[in-house]
Amino acid sequence: MIYTKELEHMCCVKKGVNHGPAPIPEEGKWVKAKEIQDISGLTHGIGWCAPQQGACKLTINVKEGIIQEALIETIGCSGMTHSAAMAGEILVGKTILEALNTDLVCDAINTAMRELFLQIVYGRTQTAFSEGGLPIGAGLEDLGKGQISQIGTIYSSLDKGARYLNLAEGYISEQALDEDNQIIGYKYVHMGKFMDYVKAGMDPVTALEKASGSYGRYKEASTIIDPRKK
């Protein structure tokens with residue numbers, strides 16, 4: 001190391017008590033994290049790209065500093081979906097420090113990784129107080145049956161009102177209105193389940209009906225509209 005002349009001529013003052021880092025909660029334990037391998041936990045975070053035209057929700061499960069699984073969900077940018085595919089291959093097997101300093105192809109995914117890094121190293125994970133944390137594979141459970149992301153897509157205009165296009169349950173096929181033309185429910189298709197039925201050999205019409213459901217006072221509707229056409 002190179003020291004300045006001013007520092008070289010200073011007298012030495014002995015360092016007093018060193019308590020080390022403050023302990024952080026990790027998977028039901030209090031850990032004084034000094035090395036990357038001291039870090040464990042599962043957590044989620046959100047990132048956005050520089051022009052703010054797309055976003056990423058990133059979930060990672062870290063064990064002893066190594067990313068064991070990653071769930072990457074993106075919205076708003078077509079290129080971002082392909083970036084997510086590449087990031088899925090890049091992230092697992094890396095330490096959280098490596099992942100923080102690796103180009104994850106997309107600004108939004110990079111930003112999400114930064115936010116997750118901060119949560120993890122400050123002991124703010126979803127599993128901070130869960131003894132043993134969560135097993136590898138828990139990240140996939142976020143998607144539920146059909147393994148498809150929950151996306152909300154609503155379009156509205158002052159003249160024509162709101163159109164529900166996609167909600168937690170899935171693709172909105174019909175929108176229910178009362179006698180005052182106010183929304184009281186909807187019919188949906190769970191696309192993950194629908195595709196599973198079709199892949200299993202079920203007739204598409206039967207699969208569509210089986211994967212469909214309704215919400216709210218759909219059956220009391222005075223008017224049913226297709227939110228994409230009417």
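The lining of the largest pocket in this predicted model divides into six nonpolar, three polar and three charged residues. The space in this pocket amounts to about 210 Å³. Two elements give two or more residues each to the lining, namely β4 (55–63) and β5 (66–75). The nonpolar part of the lining includes Ile46, Ala55, Cys56, Ile75, Leu143 and Ile151. Lys57, Glu73 and Asp142 are the charged lining residues, and Thr74, Ser149 and Gln150 are the polar ones.

**Overall form**

The protein chain holds six helices and 11 strands. Its radius of gyration is 25 Å, whereas a compact globule of 230 residues would have one near 17 Å. Along the principal axes, the C-alpha atoms of the chain fill a box of roughly 90 × 40 × 30 Å. Buried residues make up 35% of the 230 in the chain. The accessible surface of the chain is about 14,600 Å², and carbon and sulfur atoms account for 54% of that surface. Among contacts with a separation of 6 or more, 52% join residues 24 or more positions apart.

**Two loop residues with positive phi**

What is the sign of phi at glutamine 52, which is not a glycine? The angle is positive, at about 55 degrees. Glutamate 64, also a residue other than glycine, has a positive phi as well, near 50 degrees. The table sets out both residues.

| Residue | Phi | Loop | Relative accessible area |
|---|---|---|---|
| Glutamine 52 | about 55 degrees | between β3 (41–48) and β4 | 62% |
| Glutamate 64 | near 50 degrees | between β4 and β5 | 59% |

Is glutamine 52 buried or exposed? Glutamine 52 counts as exposed because its relative accessible area of 62% is over the 50% cut-off. Glutamate 64 is likewise exposed, since its 59% is over 50%. The loop that holds glutamate 64 joins β4 and β5, the two strands that each give two or more residues to the pocket lining.

**Leucine 165**

Leucine 165 belongs to strand β7, which spans residues 161–167. Which residues does leucine 165 touch, leaving aside those up to four places away in sequence? They are Thr153, Tyr155, Tyr171, Ile172, Pro227 and Arg228. Glutamate 69 is 96 residues from leucine 165 along the chain, and the C-alpha atoms of the two are separated by 31 Å. Glutamate 69 falls within the residue range of β5 (66–75).

Methods: Residues are numbered from 1 along each chain as its sequence is written. This is a predicted model: local features need pLDDT of at least 70, side-chain atom pairs count only at pLDDT 80 or more; totals for chains, interfaces and linings use all residues. Side-chain values use heavy atoms; hydrogens and water are left out. On a 1 Å grid over the protein atoms alone, a cavity is a set of points where a 1.4 Å probe fits but cannot get out, and a pocket is an open set with protein on both sides within 12 Å along at least five of seven lines; lining residues have an atom within 4 Å of a point. Grid points are joined across faces, edges and corners, and a volume is the space filled by probe spheres set on the points. Helices (H or I, at least four residues) and strands (E, at least two) are DSSP runs, numbered from the N terminus. The radius of gyration is taken over C-alpha atoms; the globule rule is 2.2 Å times the number of residues to the power 0.38. Buried means under 20% relative accessible area, exposed over 50%, partly exposed in between (1.4 Å probe, protein chains only). Contact means heavy atoms within 4.5 Å. Accessible areas come from the Shrake-Rupley method with a 1.4 Å probe; for residues, only the protein chains shown count as cover.
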